[in-house]
Amino acid sequence: MRSGPRRVLARAGRASIAALMREAVVGVGMKPARFLATLGATVIGIGSLVVAAGVGQTAAVQVASRFDSVAATHVEVSAAKSEGADGKDHAVAALPTDGVDRVVRLAGVEAAVQVGDVDLAGERVTAVDLDDPEAAPTTGPLVSAAVGDLLEATGGTIVTGRMFDAGHRDRADRVAVLGADAADALGITDVASAPAVFLGHIPYTVIGIVDGLAVQTTLESSVIIPDTAARRDFGYSAPRILEIATAPGASSLVARQAPIALAPSAPESFDATTPAENTSLSGGVRNDLGAAFLVIGGITLLAGGAGIMGITLLSVAQRSSEIGLRRALGARRSDIAAQFLVESGLVGVIGGISGAALGVMAVVVVSALSGWAPVLDPVVVIGAVLAGATLGLVSGAYPAVRASRIEPAEALRAD
């Protein structure tokens, strides 16, 4: 017979809490390799949960700060709409062609651009002026017309080349700037050789590629041309939206003043909004991010629980003779079940603490590499430790029941 805590338990018949804890510690330490395998499953599951929650919270804060930054420095102006006789909404006015000149005089306005959609009347946008009757019909990138300081007003940057300027607009030059996605679709990566895109059959020289727009991100999938060229070649009529970049905190004031500057006698003809009014969108994005990361963490946690259960079942099979001997010496079924539950719970607590610590470290590292400020609710860390203990107990419940059902005679005969 073995000495130490096992003999005490066996002799006692009913295990005391202190003896049960000693027995669990001995049982866990009997097979270091098995202990490490079980611990590893718990650490991975809990660590993944903490990382998922931490990265989700950090990303959500970044999204919120992004929305706040845009809200504080941008205003969008569009024509007001009213329901017509056909039951559909129609614009009650059109943005004036000199709208940019009118609003840049307002206090707090740093830049403005007017953007509109260009109708090619069914023609395609291609990088080669070639009609292939066997080719599948495609429309290619969108085409937009712009006037004003597009880069400053939208927060975009030039990847290569340059933006068209007032001279191009005055001459109605056939030049184009591609959004990054449109450039990829057309296979244009450099403008040094002055490549051309064909809007229908009309060639436009590509002079730049733009990316990283904070607002009007659909322009990244568009071919952008001067409004004067669009008016001459395609009958372009009026811009769709006026985008205004303001000094920080001036967006609300500019939103009130811009309609008056555009139409002093009928300012109600235009709606001026700030991205701050899209708080539901910001909240939705944050909630979706958090939910997605938690789902990933939950799946990993379940996988860790399955690992603990499998290894604990293997432990029960390997220790059947020990269980049979203890039952023969008077240990009750509940004592056997309690021992295995305490063992799996102990592994869960150790794994929870270790996994939470590693998870916090991972969140800090990921945030540092991304240039973010790490955010993690302390409740998540405390909850992770409790989740580890719960995971161990739940995962060990079935193996504990299996162990308690082992009959002494069968176990000793099999040994």
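Author: Two strands count as paired if DSSP finds at least two bridges between them. The model discussed here is predicted.

Reader: Which residue stands opposite A79 in β13?

Author: Strand β1 covers residues 74-79, and β1 pairs with β13 in the antiparallel sense over four bridges. Strand β13 runs over residues 270-273. The residue of β13 opposite A79 is F270.

Reader: Which side chains of strand β13 point to one face and are buried?

Author: The side chains alternate along β13. D271 and T273 point to one face and are not buried, meaning that they do not fall under 20% relative accessible area. The buried ones, on the other face, are F270 and A272.

Reader: Which strand supplies the largest share of the largest nonpolar core?

Author: That core has 23 residues, and L178, V197, L199, Y204, V223 and I225 have the most contacts inside it. At least two residues each come from β6, β8, α7, β9, β10, β11 and α8. The largest share is four residues, and the strand that supplies it is β10.

Reader: How many residues are in the other core, which lies apart from it?

Author: V75, V109, L242 and A263 are among the members of this other core. Its number of residues is 18.

Reader: Which residue of β10 stands opposite V197?

Author: β9 and β10 pair in the antiparallel sense over four bridges. V197 touches residues including A176, L178, I202 and V223. T126 is also touched by V197, while T126 stands opposite F198 in β9. Opposite V197 in β10 is Y204.

Reader: Which residue takes a positive phi in the hairpin of β9 and β10?

Author: The hairpin has two residues between its strands. A phi near 75 degrees is found there, at G200.

Reader: How far apart are the end C-alpha atoms of helix α13?

Author: Helix α13 has 27 residues, 378-404. At 1.5 Å a residue, the helix should span 39 Å. The distance between its end C-alpha atoms agrees with that, at 38 Å.

Reader: Where in α13 does the kink lie?

Author: The kink is about 40 degrees. It comes shortly before the proline P399, which is one of the buried residues of α13. The kink lies at A397.

Reader: Which residue has a side-chain oxygen that reaches the backbone nitrogen of V379?

Author: This contact is at the start of α13. The oxygen comes to within 3.0 Å of the nitrogen, inside the 3.5 Å limit for a polar contact. The residue is D377.

Notes
Residues numbered from 1 in each chain as written. Predicted model: local features only at pLDDT ≥ 70, side-chain atom pairs only at ≥ 80, totals over all residues. Heavy atoms only, no water. Expected span 1.5 Å × (residues − 1). Bend = angle between axes of the 7 residues up to and from the residue. Buried < 20%, exposed > 50% of the residue type's maximum accessible area, 1.4 Å probe, protein only. Polar contact = N/O pair within 3.5 Å; in protein donor to acceptor, adjacent residues only side chain to side chain. Core = buried A, V, L, I, M, F, W, Y, C linked by side-chain atoms within 4.5 Å. Contact = heavy atoms within 4.5 Å. Lists of a residue's contacts leave out its neighbours within four places in sequence.
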